[in-house]
Structures are given as structure tokens and as C-alpha cells.
Amino acid sequence: MPVVVLAGTKKGLFLLRSDELRQGWTLDGPHLVGWSVYHAILDPRDGVLHACTNHEVYGATVHRSRDLGKTWEHAENLGLPDDSKLKLERTWHVEPGHADQPGRLWLGAAPGVLFRSNDGGATWQTIEGLLAHPTRERWFPGAGGMCCHSIQLDPADANHLHVGISAAGVFRTHDGGEQWTPVNSGTAADFLPDPYPEVGQCVHKLLRCAESSRLWQQNHCGVYRSDDGGDSWQRLDGNGLPSGFGFALALHPRDADTAFVVPIEGAENRVTSGGRLGVYRTSDAGASWDLSMEGLPEHAWTGVLREGMAFDALDPFGLYLGAQSGSVFASADEGQTWTEIASQLPPVLSVEVGAWS
Amino acid sequence: MVVVVLPPILAAEAGGQSRFEVEASTVQEALGALPVVDRLFDEHASLRSLVNVYVDGVDLRERGGLSAKLSGTETIRLVGAIAGG
């Protein structure tokens with residue numbers, strides 16, 4: 001199966017292609033010249049590329065390409081309703097809908113908003129239940145804005161979703177987005193007067209295991225796991241991690257006990273922990289963590305952002321890492337060894353992986 | 001006809017076309033006739049703050065804003081403000 005890594009950068013999208021061995025890579029790009037690509041996907045359902053694109057002057061939108069990047073078009077009139085008195089600030093994450101809902105996509109954006117498309121990304125509708133959530137007045141943007149950056153679907157139930165919003169927390173719906181319940185019990189917000197509030201937690205990345213209902217999150221205040229759909233969270237960063245602060249998170253495609261994080265020094269010094277680029281792996285559901293850095297630079301004061309790590313579903317599965325230094329690293333052996341597959345790109349904002357055909 | 005000239009990044013959004021001829025009696029109408037109007041105006045119909053508009057070389061702010069009248073022979077240039085990195 002040909003593999004493509006989509007590296008979204010501050011100045012355009014780059015595509016890195018390889019075969020299933022993932023040893024040699026070719027670089028294609030930049031696409032979407034001049035746009036900051038916060039996240040991009042290759043929709044496995046129809047092969048369409050979608051990219052969250054932002055520009056200092058020309059605003060936030062979503063581009064899509066039906067011909068693997070040869071031509072692009074942007075969404076029609078993407079924005080927030082007048083009565084919200086809010087403006088769309090940035091688009092952050094695009095997620096394909098269920099396989100049995102062709103044309104459906106989800107889009108997370110700032111300020112803490114979610115959109116749904118039923119026509120393959122041509123038009124988008126605001127999810128009112130989140131836009132007008134009764135706790136919104138208690139959400140306060142952090143350094144990255146109030147971004148809805150994580151959208152996790154239940155593969156067994158198209159109406160069951162979790163979203164993660166920076167400085168707001170994790171929210172869950174069972175009715176396709178009409179009603180949202182905050183599910184942040186046990187996650188800390190130590191920058192607030194009440195360190196365990198109902199909302200206001202700064203989740204940095206939220207992922208759901210592919211073959212179980214387990215949730216993982218890298219938070220501003222630690223790494224967490226939930227085995228009950230978010231009703232309760234267990235903190236996991238005491239045993240082996242140099243820092244609980246970080247952004248990137250990746251999972252094993254088949255083993256719910258295995259996860260990967262890239263610790264950052266802390267909120268006030270956002271560089272890779274210990275002056276090195278290291279990926280930490282747990283294989284026991286967060287009870288312990290081990291450093292993997294063979295092939296990664298030993299001296300590195302860079303950053304790996306919330307969309308900066310991805311994984312494929314091959315066997316052995318691959319991991320991909322994009323750094324603000326402009327490098328992309330790949331591991332074809334489940335994170336044991338790494339190879340730099342691109343360098344001197346603009347600062348990498350996101351990596352994603354898909355099957356190229 | 002009023003001529004509108006787009007910067008390269010917007011020309012790419014318009015299918016590679018950088019020069020448009022439009023019929024318009026105001027600057028608002030001229031910009032509204034472009035296929036990239038949603039990149040110039042936000043969802044509340046406000047001109048994005050870093051989009052600069054020059055009519056025959058004169059800043060739109062000095063010509064009365066978007067409602068400024070056009071005779072039909074002007075050239076409008078759109079320029080992104082120097083911002084960001």
C-alpha cells in the first residue's frame with residue numbers, strides 16, 4: 001500500500017510518498033502556497049484531500065482537492081452566524097465522517113466551534129449545540145486561541161463523538177451534536193483558581209483507540225486516560241515522563257495500552273524536554289514510559305505541535321513526527337528507530353498519514 | 001469597465017486569473033463581483049482588516065471607503081498588508 005505523509009507547514013502543504021516498507025521517500029510540494037496548513041487529511045473514503053488553511057490577511061478556510069493536489073478549491077462562505085457575534089478565527093482539524101455517511105466531514109475551529117459538512121466539504125454548517133453551549137462564558141482562550149482541535153468518532157455509532165477544545169475541555173455528544181456534556185472530571189486546570197473545574201481545562205490533543213472505547217489526552221496539565229468514555233480520567237505522567245506538558249499524541253492502531261507523547265519543557269518554555277527530541281512510549285496503559293530517540297537529533301530545542309504526530313495502520317505500524325524546525329521524521333518499526341525524511345521545510349504544524357492510490 | 005487586480009495568492013484561488021473586468025458603480029460592488037469575495041470580507045460582511053484596497057493608486061480610506069463611487073474606468077488593486085512572518 002503506497003503511503004503518503006501530509007506535512008502541513010506554516011507556508012504550504014508538502015506530500016511525502018513511499019511504499020509500504022516506508023524506507024525511501026519522495027517530496028512533493030509546496031501545495032497551497034502561502035497558506036498555513038494547520039491540518040490536512042486524505043479522506044480514506046474517496047481519496048479527496050482536505051486542508052485546514054489559514055492566512056494572516058485572507059482569513060480561515062478549508063481547501064479540498066479531488067485530484068491529489070493538482071487543483072484546489074476552498075469552502076463556500078465558511079463562517080459563524082451573525083447572531084453569535086463571533087468571528088471564525090482559524091480552522092484547526094478536519095475529520096472524515098463515518099464510512100456509511102459519504103460526504104460528511106467534521107471541522108474544528110477557533111473560537112471553540114465545530115462545523116459539519118454533508119457535501120464533501122463544499123459547504124459547512126455550524127454545530128449550534130457547541131456554539132451556544134451554556135458553559136461557553138467560562139471558556140477563556142490560551143496562547144493558541146480557543147481551538148477545537150480534536151474530533152473523535154465512535155466507529156460503532158455515528159452520533160457519538162468527543163471533541164477537545166483548548167481552554168474549554170473535552171465534550172461528548174450522543175445525538176450527533178445537538179447536546180454536549182463536558183467530560184473533564186479528574187483533569188487538572190492548575191492555571192485556574194479552582195484546579196478541577198467542570199470546564200476550562202486545556203486539552204491539547206484527544207484521541208480514541210481504534211478498537212476500544214479508551215480515550216487518551218495530552219493536556220496542558222498532564223497525560224490522561226479514560227476507560228469510561230470521559231466520565232473519569234486517570235493521570236499518567238508520574239512514571240518516566242520528564243514533563244507532563246506537551247501537545248502531540250499518537251496511539252497504537254491495535255493495542256489500546258500503547259501510546260506515544262513528546263514532552264515539552266513546560267508552558268513557559270515550549271521546547272523539547274531536556275534539549276532533545278524524544279518520543280516516549282508506554283506499553284502498559286501509562287503505568288510507565290520509555291524514551292525512544294534512536295535516529296532523532298540528540299540536541300534539539302524545537303517544538304512538536306498538537307497535530308505533530310501521526311500513525312498508520314500497517315504491520316508493523318509507522319509513526320510520523322513533524323517539528324517546528326522544519327523536519328519530518330518517520331519510524332517504520334513502531335517508534336523504535338527514526339529516520340529524517342524531510343528537512344528545511346517551513347515550521348511543521350501538522351502531520352497526517354494516508355493511503356496513496 | 002472597472003479593472004480589479006488580485007495578488008498572486010488570491011489569483012490562485014480564482015483559478016489562476018489575476019485580472020478581472022467588472023461592471024460596478026461602487027468599490028463594494030466591484031469587490032462583490034469577484035470569485036474570491038469571501039477571502040476579502042469576513043462572515044459579517046466586514047472588509048478583512050489587513051486587506052488594502054487602492055483605487056487608481058489611492059488608498060480606499062482616502063476615497064470614502066467601500067461606498068466610494070466609481071466612474072467605470074478605474075483600476076482597483078488588492079494588496080495584503082505587510083503582516084505576519
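The exercises below concern chain B of a predicted model and the contact that chain B makes with chain A.

**Exercise 1.** Describe the secondary structure of chain B by its helices and strands, and give their pattern along the sequence.

*Solution.* Begin by counting the elements, which gives three helices and five strands for chain B. Then place them in sequence order, and chain B reads β-α-β-α-α-β-β-β.

**Exercise 2.** Assess how compact chain B is, using the radius of gyration and the globule rule.

*Solution.* The first step is to take the radius of gyration of chain B, which is 12 Å, and to set it beside the value from the globule rule for 85 residues, also given as 12 Å; because the two are close, chain B is as compact as a globular protein of that length. The next step is to consider the extent of the chain along its principal axes, where the C-alpha atoms fill a box of roughly 35 × 25 × 25 Å. As for burial, 22% of the 85 residues of chain B count as buried. Finally, among the contacts between residues at least 6 apart in sequence, 54% join residues that are at least 24 apart.

**Exercise 3.** Characterise the side of chain B that touches chain A by its elements and residue classes.

*Solution.* Start from the contact as a whole, to which chain B gives 16 residues and chain A gives 13 residues. On the side of chain B, the elements that supply two or more residues are α1 (8-13) and α3 (37-40), and the largest share, four residues, comes from α1(B). Sorted by class, this side of chain B holds seven nonpolar, three polar and six charged residues.

Terms used. Residues are numbered from 1 along each chain as its sequence is written. Chains are lettered from A and ligands numbered from 1 in the order in which they are written. This is a predicted model: local features need pLDDT of at least 70, side-chain atom pairs count only at pLDDT 80 or more; totals for chains, interfaces and linings use all residues. Two residues are in contact if their C-beta atoms, placed from the backbone, lie within 7 Å. Ala, Val, Leu, Ile, Met, Phe, Trp, Tyr, Cys and Pro count as nonpolar, Asp, Glu, Lys and Arg as charged, and the others, Gly among them, as polar. The radius of gyration is taken over C-alpha atoms; the globule rule is 2.2 Å times the number of residues to the power 0.38. A residue is buried if 20 or more other C-beta atoms lie within 10 Å of its own, exposed if 12 or fewer, and partly exposed in between; C-beta atoms are placed from the backbone.
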